[in-house]
Amino acid sequence: IWSRYLEPNYLVEKGAPVSAVYQTAKMRLELRTISNGSGEIGDWVKISNPGGGAALKAKVIGEGLVEVL
């Protein structure tokens, strides 16, 4: 099978809502955001607040889940 016939297994889809997590030793913050790109585990995608504002880069860590580092 040639790779050109395979479809990527995106866990985060462009335009879909995702949970963005920011975590330190003393706190955990989780927000609902919108993904500006598609990605697989370990990929970096841009996310934005549904109400507008600046985009952030986040790492895909699960289905519909990204981590802001």
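**Reading a five-strand chain**

Guide: Let's start with Tyr-5, which is exposed, with a relative accessible area of 57%; exposed means over 50%, buried under 20%, and partly exposed in between (1.4 Å probe, protein chains only). The model is predicted: local features need pLDDT of at least 70, side-chain atom pairs count only at pLDDT 80 or more, and totals for chains, interfaces and linings use all residues. Residues are numbered from 1 along each chain as its sequence is written, and side-chain values use heavy atoms, without hydrogens and water.

Visitor: Where is the place of Tyr-5 among the strands?

Guide: Strands are DSSP runs of E, at least two residues, and helices are runs of H or I, at least four, numbered from the N terminus. Tyr-5 sits in the segment before strand 1 (17–23). The chain has five strands and zero helices, in the order β-β-β-β-β from the N terminus on.

Visitor: Which residues form a nonpolar patch on the surface with Tyr-5?

Guide: Nonpolar patches join Val, Leu, Ile, Met, Phe, Trp or Tyr side chains within 5 Å, using residues with over 30% relative accessible area and no salt bridge (a side-chain nitrogen of Lys or Arg within 4 Å of a carboxyl oxygen of Asp or Glu). Here Tyr-5 is joined by Ile-1, Trp-2 and Leu-6, and together the four have about 590 Å² of accessible area, by the Shrake-Rupley method with a 1.4 Å probe, where only the protein chains shown count as cover for residues.

Visitor: How many of the residues of the chain count as buried?

Guide: Of its 69 residues, 25% do. The chain exposes about 5,100 Å², with carbon and sulfur atoms supplying 53% of that area.

Key. Patch = residues over 30% accessible without salt bridge, like charges linked within 9 Å, V, L, I, M, F, W, Y side chains within 5 Å.
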